[in-house]
Every structure is written in C-alpha cells, then in structure tokens.
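This report looks at cavities, a pocket, helix packing and a few backbone features. Please keep the sequence and the structure in view while reading.

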Amino acid sequence: MSVSIDTARALLANNDRGGYTVPTEGLYPFQWNWDSAFVAWGFATHDIDRALAELEALARGQWDDGFLPHIVFHADADSYFPGPEVWRTPKAHPRTSGITQPPVFATALRAIEERGADRARVAALYRVALANHRWWAAARDPLGTGLVAILHNWESGRDNHPSWDGPFERVAETTTTTIRRRDTGHVDAAMRPTDAEYRRYIHLVDRYAALGWDPARLWADTPFKVADVGVNAILIAAEADLAILAGRHGTPAERQEIEARHRRMTAAIGGLWHEGLGQYVSRDLISGAPLDTPGSGGFLPLLTDAPDGERIRRLATTIEALMAEGVQPVPSTFPGAARFDARRYWRGPVWAVVNWMIARGFDRHGRGDLGARIDAATAALIERGGFAENFDPLTGEGLGGVAFSWTAAIYLLIAERRRRMARVA
Ligand code: DGY
C-alpha cells in the first residue's frame, strides 16, 4: 500500500469493526487499550465523531472500580491467544482481559476536545478517565509513593523489553494453561517473544485469575512488580490533561485531587533517573534494582515537568548522537545494549507511537527542533517501510504486522502537525 494521508485514513476505515478499531487484521483482532487511544487521536484529525466513538467503545470495557482493560473482546475471533477463556475475568458484556496498558486515554480525550468535540460526550468520557486515574492510584500505588506499578510486562506496552528479563527470573512457567500461540502464524517468530517468555507471561495470568483479579490480592501476591518509566510518565502527562478537562467538565475538588496526584508523581519520577546512562529507567519494586537497559521508554519523562535543563540536554545529546551514527530514532532497545535485537519486537525496533510522544516531549522542553527531526524521521520510516507495526533501527525496514492502525494514526498526526507549523511559519 502506498503511503499517503488518504491511504492512512483508508487503513483506519478498513480496520474499523463498527465503532472500534483493531490494531491490525488477524494478529490483533480485538480492541486494544493504548492502540485505540492513539487511533482515536488520529481519527480526530478528520472525524471527531469517530474519534469519540473509539474511546466510548473502550469505555464499555471499564470495570466498576475504574480499571480499563488492555483488551476488550467485543466479538469472537480465534486468531489470537490468549483469548477470554484464558483471562477468566469477572467482566461480561463485553468480556475483557484482566491487565491494563499505558493510560493514554485522557491525553487522547483532551486532543479530541481541542479539535471541537461534543461537550456532553467529552464530559461523559472525562468521568471514565477520572475513575481510571483513581484506580491507578488506589490499585497500583496503594502505599502512596508517587510511582505506580505494573504487574505484567504487557501492561508496559513495551512487551518484551529486556528490562523485564530480570524480574521474570522470579516468575515460573505455566503448567496449567496450554500455550497455543497464534502470533507466530501471522508474523515471523524471529520478530516475536520466545515460547519460554510466553509461558511466563501466561503464568502471571493464571495466577491472577486464581486470585479473582482482586487488585489487593494481586498486589500482595505478585512476583512481578515494576515501576515502569513509560507508564509512569504517560500517566503523569495524562493527569495534567485530566486536570485541564476537570476545569471544564469537573468540580474544583476533582481538579485539586488530580493536581495533587500530578505533583506527587512528578516529584517521584525524578528518582528513576540513571546518571550513568543519562536517561530514566524502570525499577524492580521487589528487588529495588534499576532496570538499566537503555531504550526509548527512558525518554518518556520528557512528557512531564520532571527533567531539568541538564537532564533535557543529556537526553537530547543521546538521541542526536544515535542519529549522527545513522541509527533510526528512537530504538526501543539501544544498539550496543546486551540484549539488543534489531528485529525482535521491543528489543530494538522503532515504534511510531513512542517517537510521537518523545517528539512532543522535546517540543515541551524548548527542543522543537529535535521534535521536528524525530517527526521527519518517523514519517520517512513509514513512507519507506509502509504502515508496519515497527521498524528496524539499523536498516529502516518495516517489521512485524502490516497495515497497523496506530502507525497510520501517527502518520496522520505528523502530517496535521506539519501543516499547522507551516501555517504558523
Ligand atoms: C500481544 O499479544 O503481543 C500483546 O501485545 C499483548 O497484549
């Protein structure tokens, strides 16, 4: 498929299953949480009504306690494992998974509202996001440290990043669920996690299902508890966006509550800075160890007010140095890191959505020049490699699944941004 604004829109229309969008046909046949938030944002460039519908469909998967699942199984499909029969969650109509994903929802909602959305529909979605942020604080930071935890690597969105290898040494392999991988029927196995990794991923699912998916029991029992730098940065940015939405759709007390969480989290994420690497890293909350494999996730705190001038300079210098060496920005795992693998999912490849966030982070901190360079590199990768799932950081080749919704969404957002900048100039 040739790459253009028209084909990006056509791709989204083609992946539309009637009010929600699948990440890609076959490999991911349901609605995924953070994929859909980016897709909603992308739809907002040309179809506000459809953008709101995407978030409304995701909201139908919300649990009573505010939890937003990472997958909503609106319809049956047998091309994906693990399906609802493996998750065994209490939620029905629609059925869902039992873990979450990076909370982009409030940020996408604010972006949609800015483009002129219906006030009542935004107000209803604001309440969904507020309940969800309360869930994050209560369920994933019960001690009030200012850092939320993920309890499954899939919650990071950066599924098989080498940072999770250390914590996974504590996790057994499932003995109760038969692994029936479907992903390797769609995509070359060399680009996907290994079978041994999957057995551990599913062990966590089995274990949490046995605990009835009760957040307090999961917190007390889990062998995998990580303060992921990406999820924390994305949540802080989302709290800032939610505070603005609260000013229009909420009460003063809600706004204060959100701002208090935002302040506490902004202060806490500074503790994830790694001086030796010159970037932020995740932390294993069970061993206390920093998870120090460098990669794109460590740049996401640029979305927050946490980094000072010196840290911003170091983050920028690192990316500029990679680009000067001919590396495509920004690899999920940096070349030279021990477990770098240029073609395997989050162990090397470049992801358009992460680039989009890092670029907006540099804009935010007065480095719009670098943000624009990252956008240009992202657009060029897509124009050469198609709307692929991800891209080889050394060759630029498109990898993983093809016809990916969020890659098309980011292409539309970059094009819209460039049009705006051209008008301003
Ligand atoms: C997968 O199946 O690869 C997903 O990323 C997990 O949700």
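The lining of the largest cavity is made up of 12 nonpolar, 3 polar and 4 charged residues. That cavity has a volume of about 210 Å³. It is lined by 19 residues, and the closest to its centre are Y28, W32, Q101, D159 and Y345. The model is a predicted one, and every value here is computed from it.

**Cavities**

How many cavities of 30 Å³ or more are there? The count is 4. The second largest has a volume of about 80 Å³. Its lining consists of W63, D65, F67, G98, W135, A139, R140, L151, W213, P215 and L218. By class, these are 8 nonpolar, 1 polar and 2 charged residues. Two helices, helix 6 (119-140) and helix 10 (215-221), each supply at least two residues of this lining. Helix 6 gives the most, with 3 residues.

**The largest pocket**

The largest pocket holds about 650 Å³ of space. It has 26 lining residues, and W41, T107, R110, D241 and R360 are the closest to its centre. Four elements give two or more residues to the lining: helix 5 (105-114), helix 11 (229-249), helix 14 and helix 16 (405-424). Which helix has the largest share of the lining? It is helix 14, with 6 residues. The lining divides into 11 nonpolar, 4 polar and 11 charged residues.

**Helix packing**

Two packed helices are described by the angle between their axes and the distance between the axes. Three pairs are set out below.

| Helix pair | Angle between axes | Distance between axes |
|---|---|---|
| Helix 14 and helix 15 | about 165 degrees | 7 Å |
| Helix 5 and helix 11 | about 50 degrees | 8 Å |
| Helix 13 and helix 15 | roughly 40 degrees | within 12 Å |

Take helix 14 (residues 352-364) and helix 15 (residues 368-385), which pack at about 165 degrees. Because angles over 145 degrees count as roughly antiparallel, helix 14 is roughly antiparallel to helix 15. Their crossing is left-handed. On the helix 14 side, the contact uses A352, N355, W356, I358, A359, R360, F362 and D363. On the helix 15 side, it uses G368, L370, G371, I374, D375, T378 and I382. By class, this contact has 8 nonpolar, 4 polar and 3 charged residues. R360 has two roles here: it meets helix 15 as part of the helix 14 contact, and it is one of the residues closest to the centre of the largest pocket.

Helix 5 and helix 11 pack at about 50 degrees, with axes 8 Å apart. They are therefore oblique to each other. Helix 5 passes helix 11 in a left-handed crossing. Helix 5 brings A106, T107, L109, R110 and E113 to the contact. Helix 11 brings A237, A238, D241, L242, I244, L245, R248 and H249. The classes are 7 nonpolar, 2 polar and 4 charged residues. T107, R110 and D241 belong to this contact, and they are also among the residues closest to the centre of the largest pocket.

Helix 15 also packs with helix 13, where the axes come within 12 Å and cross at roughly 40 degrees. Helix 13 and helix 15 are therefore oblique to each other. Their crossing is left-handed. From helix 13, A316, I319, E320 and M323 meet L370, R373 and I374 of helix 15. This contact has 5 nonpolar residues, no polar ones and 2 charged ones. L370 and I374 meet helix 13, and both also meet helix 14.

**Backbone features**

Which residues does the cis peptide bond with omega of about -5 degrees join? They are H93 and P94. P94 sits in the loop between helix 4 (84-87) and strand 3 (95-96). R88 lies in the loop between helix 4 and strand 3 as well. Phi of R88 is near 50 degrees, a positive value in a residue other than glycine.

Another cis peptide bond joins P329 and V330, with omega of about -10 degrees. V330 is placed in the loop between helix 13 (309-324) and helix 14.

How values were computed: Residues are numbered from 1 along each chain as its sequence is written. This is a predicted model: local features need pLDDT of at least 70, side-chain atom pairs count only at pLDDT 80 or more; totals for chains, interfaces and linings use all residues. Side-chain values use heavy atoms; hydrogens and water are left out. Axes are lines fitted to C-alpha atoms, for helices over the stretch in contact, and angles run from 0 to 180 degrees between N-to-C directions. Angles under 35 degrees count as roughly parallel, over 145 as roughly antiparallel, 65 to 115 as roughly perpendicular and the rest as oblique. A crossing is left-handed if the near helix is turned anticlockwise from the far one by less than a right angle, and right-handed if clockwise. Contact means heavy atoms within 4.5 Å. Ala, Val, Leu, Ile, Met, Phe, Trp, Tyr, Cys and Pro count as nonpolar, Asp, Glu, Lys and Arg as charged, and the others, Gly among them, as polar. On a 1 Å grid over the protein atoms alone, a cavity is a set of points where a 1.4 Å probe fits but cannot get out, and a pocket is an open set with protein on both sides within 12 Å along at least five of seven lines; lining residues have an atom within 4 Å of a point. Grid points are joined across faces, edges and corners, and a volume is the space filled by probe spheres set on the points.
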